[in-house]
Amino acid sequence: MATQDCSNSGRYQVLCYEQVEKLHKVMEDSIPIHGRGNFPTLDVTLKDLVQVVKEKLLAEGVSVRDIRLNGGAASFILGNGSENVQPYNDLDLIFGVDLRSHHELLKIKNCVLNCLLDFLPEGVNRDKMSSCSLKEAYVQKMVKVCNEHGDRWSLISLSNNKGKNVELKFVDKVKRQYEFSVDSFQIILDSLLKFYDISEPNTPISENLYPTIVAESVYGDFTEAWMHLNNKLIATRNPEEIRGGGLLKYCNLLTRGFQAAQTMDVCQTERYMCSRFFIDFSDVMQQQQKLEAYLNNHFSDEEGLKHEYLNMLYRVVNESTICLMGHERRQTLNLIQQLGCQVLFEQEQKAHTKYLEMQQFDQLNGLTIDQVFYGPMDLNFNGQFYYSNNYSQVYINGQCPLCPPYLPCS
């Protein structure tokens with residue numbers, strides 16, 4: 001699958017038909033937005049959500065420059081074969097808007113919350129739904145950034161219990177829009193939305209009838225970034241500008257089989273990312289909250305990768321942290337180790353539950369189960385991993401993983 005060059009600058013490419021087809025499917029797929037408490041789940045499509053938000057913004061006098069699909073979903077669509085592209089979690093949408101006044105931010109927030117009313121199921125009394133109650137029920141987080149670097153943007157994340165949140169980002173200016181080349185892609189949706197508007201209802205997209213859609217790599221070189229994506233390579237520019245979450249994304253890529261590109265200075269980049277992580281998350285409580293949220297959002301359906309990811313994070317922090325006092329570094333390493341043991345314990349509990357279910361199945365059906373295998377599970381320890389006969393503990397060199405050999409504080 002190849003894309004076609006549409007700009008001498010090399011930042012832009014025109015999507016081929018297969019990529020447009022994948023984009024159309026993502027736009028048409030139903031996404032559940034889960035409500036807290038007694039609030040009902042909203043089943044929406046990305047296509048309907050984008051169109052309704054845009055209509056309400058324009059009705060309130062908020063000018064929209066363009067609308068883009070960003071992040072993992074854009075990489076998934078542009079990737080050359082699903083086997084080389086990591087699954088995406090959040091659905092990231094960027095609305096280019098003017099945010100020079102606080103009044104514009106209020107307009108945008110109210111527009112998004114009012115959109116949720118349009119997607120409530122039939123029979124729900126909308127008259128009793130206030131903006132405050134909708135925010136509490138359906139909004140995972142709200143962020144507003146206006147800093148000395150000239151960044152002006154706002155984020156509203158709609159909640160999904162499986163971590164696949166819909167993130168609406170309203171951007172006036174932002175200095176850095178990516179962490180690595182593989183997440184630098186932005187698909188401009190305006191021509192697709194126009195196609196939806198002027199087409200007959202339920203008009204299928206076909207190889208003979210589909211809109212011209214352009215994608216941009218804010219990394220600066222689309223061809224190079226696309227090559228990195230399809231060859232599972234990690235590359236970036238100006239790593240000192242990457243914010244603290246970049247360390248977690250970097251270890252995620254390593255866990256999924258990505259490797260550093262030859263042009264990347266691995267030691268320097270890892271040191272920059274570790275330093276920025278500890279600047280943005282300076283105490284252990286902040287680090288724990290960030291790590292737990294990241295695990296829940298990015299490994300919700302991949303429990304088996306959590307421990308491998310934490311091992312990778314432990315290695316990078318252990319080898320590349322140069323900005324902390326000794327005891328601070330050991331606190332963070334112990335935190336990562338504790339989270340790893342917690343993951344093992346949760347996996348053990350699930351395996352034990354399956355074991356009991358198999359015993360009940362055996363007794364009810366008069367069957368004899370010869371052997372039960374749990375795995376594959378690579379714990380990356382030097383010792384052996386096995387289940388005891390009474391299935392009460394996981395043994396690693398005779399030690400319970402809930403009692404790790406903590407690093408000395410001296």
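These exercises, each with a worked solution, walk through a predicted model of one protein chain.

**Exercise 1. Overview**

Task: State how many helices and strands the chain has, and what share of its residues is buried.

Solution:
- Count the elements. The protein chain has 12 helices and 15 strands.
- Turn to burial. Of the 410 residues, 46% are buried.
- Look at contacts between residues at least 6 apart in sequence. Of these, 68% join residues at least 24 apart.

**Exercise 2. Two helices in contact**

Task: Work out how helix H2 and helix H6 are oriented to each other, and which residues make the contact.

Solution:
- Locate the helices. H2 covers residues 46-59 and H6 covers residues 190-198.
- Read the geometry. They pack at an angle of about 95°, and their axes are 11 Å apart.
- Classify the angle. Angles of 65 to 115 degrees count as roughly perpendicular, so H2 is roughly perpendicular to H6.
- List the contact. H2 contributes Lys-47, Val-50, Gln-51 and Lys-54. H6 contributes Asp-190, Leu-193, Tyr-196 and Asp-197.
- Sort by chemistry. The residues of this contact divide into 3 nonpolar, 1 polar and 4 charged.

**Exercise 3. A covered helix**

Task: Determine how many residues of helix H8 are buried, and what covers them.

Solution:
- Find H8 at residues 245-255. The tally is 11 of 11 residues buried.
- Check some names. Among the buried residues are Leu-247, Lys-249, Tyr-250 and Asn-252.
- Identify the cover. It includes strand E12 (233-234), helix H9 (266-280), helix H10 (284-298) and helix H11 (303-320).
- Step just past H8. There, Gly-257 takes a positive phi of about 95°.
- Zoom in on Ser-275, which is found in H9. Buried means under 20% relative accessible area. Ser-275 has 19%, so it is buried.
- Inspect its side chain. A polar atom of the Ser-275 side chain lies 2.9 Å from the backbone oxygen of Arg-271.
- Recall the helix repeat. In an α-helix, residues three or four places apart point the same way, because there are 3.6 residues a turn.

**Exercise 4. A two-faced strand**

Task: Assign the residues of strand E3 to a covered or an uncovered face, and describe the pairing with strand E4.

Solution:
- Start from the rule. Side chains alternate between the two faces of the sheet in a regular strand.
- Apply the rule to residues 30-33. Ile-31 and Ile-33 form the covered face of E3, while Ser-30 and Pro-32 form the uncovered one.
- Add the neighbour. E3 and E4 (residues 42-45) pair in the antiparallel sense over 4 bridges.
- Pick one bridge. Ile-31 has Val-44 of E4 as its partner.

**Exercise 5. Positive phi outside glycine**

Task: Place Lys-232 and Asn-238 in their loops, and decide whether each is buried, partly exposed or exposed.

Solution:
- Set the background. Most residues other than glycine have a negative phi.
- Take Lys-232. Its phi is positive, about 55°. Lys-232 is found in the loop between helix H7 (222-230) and E12. Its relative accessible area is 22%, so it is partly exposed.
- Take Asn-238. Its phi is near 45°, again a positive value. Asn-238 sits in the loop between E12 and H8. With a relative accessible area of 41%, Asn-238 is partly exposed.

**Exercise 6. Contacts of a strand lysine**

Task: Find which residues Lys-173 is in contact with, leaving aside neighbours within four places in sequence.

Solution:
- Place the residue. Lys-173 is found in strand E9 (residues 166-173).
- Check exposure. Lys-173 is partly exposed, with a relative accessible area of 47%.
- List the partners. They are Gly-150, Asp-151, Arg-152 and Trp-153.
- Add a distance. The C-alpha atoms of Lys-173 and His-149 are separated by 9.6 Å, and the two residues are 24 apart along the chain.

Note on methods:
Residues numbered from 1 in each chain as written. Predicted model: local features only at pLDDT ≥ 70, side-chain atom pairs only at ≥ 80, totals over all residues. Heavy atoms only, no water. Axes fitted to C-alpha atoms, helices over the stretch in contact; angles between N-to-C directions. Parallel < 35°, antiparallel > 145°, perpendicular 65-115°, else oblique. Contact = heavy atoms within 4.5 Å. Nonpolar A, V, L, I, M, F, W, Y, C, P; charged D, E, K, R; others polar. Buried < 20%, exposed > 50% of the residue type's maximum accessible area, 1.4 Å probe, protein only. Polar contact = N/O pair within 3.5 Å; in protein donor to acceptor, adjacent residues only side chain to side chain. Pairing = 2+ DSSP bridges.
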